[in-house]
Amino acid sequence: MDKLSSLTRFKKSCPFLGKTKTATLRSLSTASSPRYPSLSALTERATKCPVMGPALNVRSKEIVAGYASVAANVDVEKIHKEKGVFPPPGATVEMCPHASAARAAAVMADDLASAAAAKKGSKAKSDAEVAAAAGCPFHAKAAEDARKAAAAAAAPVPAPSHKAKHHTGFDYESFYVNELDKKHKDNSYRYFNNINRLAAKFPIAHTASVKDEVEVWCANDYLGMGNNPVVLETMHRTLDKYGHGAGGTRNIAGNGAMHLALEQELANLHRKEAALVFSSCYVANDATLSTLGSKLPGCVYFSDTMNHASMIQGMRHSGAKRVLFKHNDLEDLESKLKQYPKETPKIIAFESVYSMCGSIGPIKEICDLAEQYGALTFLDEVHAVGLYGPRGAGVAEHLDYDAQAAAGDSPFPIKGSVMDRVDIITGTLGKAYGAVGGYIAGSVDFVDMIRSYAPGFIFTTSLPPATVAGARASVVYQKNYVGDRQLKQVNVREVKRRFAELDIPVVPGPSHIVPVLVGDAALAKAASDKLLAEHDIYVQSINYPTVARGEERLRITVTPRHTLEQMEGLVSAVDQVFTELGINRLKDWKLVGGRAGVGLADGSEEVAPIWTDKQVGLLDGTTPPTLRNGEKAIVDSDAVAKARAVFDPLLGPISGPIQGTRTVQTGKKEEVVVQARQKLPLIKTGAASVPLREDIPVPPPSVTASA
């Protein structure tokens, strides 16, 4: 009754629904009532409504009547016999799986009645108590639980307080409230949706209710590697052998063979001498830039104005001087580099793919300036690794596509290539590789210095072995299979083409990012809510400070796993929402002179993609086909074999079908032989005698692997 898509239809006729924000309705409809757990918070409120209250009261009686004839255990037994179900000796009605729905209905009916009675202040018996008196086993249990809950509620408890603690002097709580109020007033307050991506149904997820499924169109798991079967198989095998946690920092028990092998793999990926893995790329950027800037005497940072927050924070934490240059503006960068002597330590920090607008940095040209003016280059490839280049090393590799492809898996740099000219590369394992973690790659001495001085590396617990192994399997798989990258680019082109046909404004760019311009924070949030509530499409709105005010957008990410039908549904839904909310189309932005690169008079929105038709495989017909509903994604057997082989030394060889899932058998009972334990020697402790040790044998669950 609380499904958001249904509720929005009644906003005009219901004063409460009409004045309540969609985000608030979503929160109420997905949160359980603290007093009546079987009801949502919204249903509890509805019992107080003069229209819905009586309707819910009638509904609670209908729920009772629906199974009131099953009033006692004898009726349950009769149903079992009719259905051919013969419970084992000692089984009770509570253990019957067929009765779960009835039990849930009983609790809901009781909660509805209790909520209604609470509104009236009535002391009358609830429907559950009436049904319990008739012998209903489910309502009997519900009534008993209700009596216990009432007794517990009657006990004196401290009154809850919104303010956890009162401080003399400064009013901290008011400060928090005022700061939050600023975010609400300028519509920059962030709402986090409850989205749970399903491994077997990518890109489908369920919301707070496991029954409500939505399509995800904004995740950074760009290739679906988070549920690639060889990645999952590797993680299962590693978990079985090495357990869950790493055991400590890299200096204390957390420096395992899996971590060292991953770092070697990443160094090989970028053809650098060494690499270092961090808990995230935010930490990698922050730790590296803060350490470099604080150690290099008189260091000056030259930072692109659209750099990520992690880079900005790292430079600030370093204490070094920071000079900003206009986004991708080489003339502005050079004019500022000229102001400093060549002997002054300088670092140009920039990105390859800027994730909110989809632009790509001029890497080669920045390397030219760095060499001319004696600067280091710090390139963030977070939104590019796995997605560009013949082996997935990023845009720097992609710029020398043929030469890098010809070099294969050689760890040695290609002299004069763009990737070789970049001094420091940072990347993530949490986006295209579908894992978590970040890293840096560069010279041996540079990496060792960061390892030795960066607090963000030294004092952080190491990533779990299974996570590290899964990340490495993902990197190796993508190094040996270009098809996912090709298909992603084809699907991105198709979605951009369809949006252009409908005059939907997309911020122009040569990358895989599809930023749909809205231009207003409230409208962007409303569009996101509407897509989720009415179309089961999840696209998060991007507001200030992530993007400039007036450039708010929907950031859409298309994957190789989205089907043609899903793409058609997305485009149609966005078109409908734009119409219903009156959001500016491309023609509207042209009338006002354009914004964020959209609708400019010079027609600059025509930007060629960085992947050429030849690289995508369109010329020789090697591009994987776009999926249709019901079709399975391609899993390349050669890449699987390579990903498995690198783990032979640690996990042992494996062959045959991919064992990407594990099924725990809970229905089959195993005979367990219980042996009497030998009495253990006792040790005197002064007041009592305790065993020296006691080993409690716990039989492992029965687990089978299936493809």
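In this predicted model, proline 203 sits in the loop that links strand E1 (196-197) to strand E2 (204-206). The peptide bond that leads into this proline from phenylalanine 202 is cis, and its omega lies near 10 degrees. Phe202 and Pro203 turn up again in the lining of the second largest cavity, so it is helpful to keep that loop in view while reading on. 

A second cis peptide bond runs from tyrosine 544 to proline 545, again with omega near 10 degrees. Proline 545 belongs to the loop between strand E13 (541-542) and strand E14 (553-557). Another backbone feature worth a look is found at alanine 253, which has a positive phi of about 75 degrees although it is not a glycine. This alanine lies in the loop that joins helix H11 (229-242) to helix H12 (257-269).

Helix H12 leads on to the packing of helices. Two packed helices are described by the angle between their axes and the distance between the axes. H12 and H22 pack at an angle of about 25 degrees, and their axes are 9 Å apart. Angles under 35 degrees count as roughly parallel, and H12 and H22 are therefore roughly parallel to each other. The crossing in which H12 passes H22 is left-handed. On the H12 side, the contact is formed by Met258, His259, Ala261, Leu262, Glu265, Leu266, Asn268 and Leu269. Facing them in H22 are Pro465, Val468, Ala469, Ala471, Arg472, Val475, Val476 and Lys479. Sorted by class, this contact comprises 11 nonpolar, 2 polar and 3 charged residues.

H22 also meets a helix further along the chain. The axes of helix H22 (residues 465-479) and helix H28 (residues 637-645) come within 8 Å and cross at roughly 140 degrees. That angle makes H22 oblique to H28, and the crossing of this pair is right-handed. Ala473, Val476 and Tyr477 of H22 make the contact with Ala639, Val640, Lys642 and Ala643 of H28. Here the classes are 6 nonpolar, no polar and 1 charged residues. Val476 is worth noticing, as this residue of H22 takes part in the contact with H12 and in the contact with H28.

A further pair is formed by helix H23 (residues 483-501) and helix H25 (residues 564-581), whose axes come within 10 Å and cross at roughly 30 degrees. With that angle, H23 is roughly parallel to H25. H23 passes H25 in a right-handed crossing. From H23, the residues in contact are Asn491, Val495, Arg498 and Phe499. H25 contributes Leu564, Met567, Glu568, Leu570, Val571 and Val574. The class count for the contact of H23 with H25 is 7 nonpolar, 1 polar and 2 charged residues.

The next topic is the empty space inside the model. Rolling a probe the size of a water molecule over the atoms shows where empty space is left. In this structure there are 3 cavities of 30 Å³ or more. The largest cavity has a volume of about 90 Å³. Its lining is made up of Arg250, His259, Val277, Phe278, Ser279, Gly456, Phe457, Thr460, Thr461, Ser462 and Leu463. Strand E4 (274-278) and helix H21 (455-458) are the elements that give two or more residues to this lining. By class, the lining residues of the largest cavity divide into 4 nonpolar, 6 polar and 1 charged. His259 links two parts of the picture, as it lines the largest cavity and belongs to the H12 side of the contact with H22.

The second largest cavity has a volume of about 50 Å³. Around this cavity are Arg197, Phe202, Pro203, Val216, Trp217, Cys218, Ala219, Asp221, Thr557, Thr559 and His562. The lining of the second largest cavity has 6 nonpolar, 3 polar and 2 charged residues. Phe202 and Pro203, the two residues on either side of the cis peptide bond described at the start, are thus met again in this lining.

Key. Residues numbered from 1 in each chain as written. Predicted model: local features only at pLDDT ≥ 70, side-chain atom pairs only at ≥ 80, totals over all residues. Heavy atoms only, no water. Axes fitted to C-alpha atoms, helices over the stretch in contact; angles between N-to-C directions. Helix = DSSP H or I, 4+ residues; strand = E, 2+ residues; numbered from the N terminus. Parallel < 35°, antiparallel > 145°, perpendicular 65-115°, else oblique. Left-handed = near helix turned anticlockwise from the far one by under 90°. Contact = heavy atoms within 4.5 Å. Nonpolar A, V, L, I, M, F, W, Y, C, P; charged D, E, K, R; others polar. 1 Å grid on protein atoms, 1.4 Å probe; cavity = no way out; pocket = protein on both sides within 12 Å on 5 of 7 lines; lining within 4 Å. Points joined across faces, edges and corners; volume = space filled by probe spheres on them.
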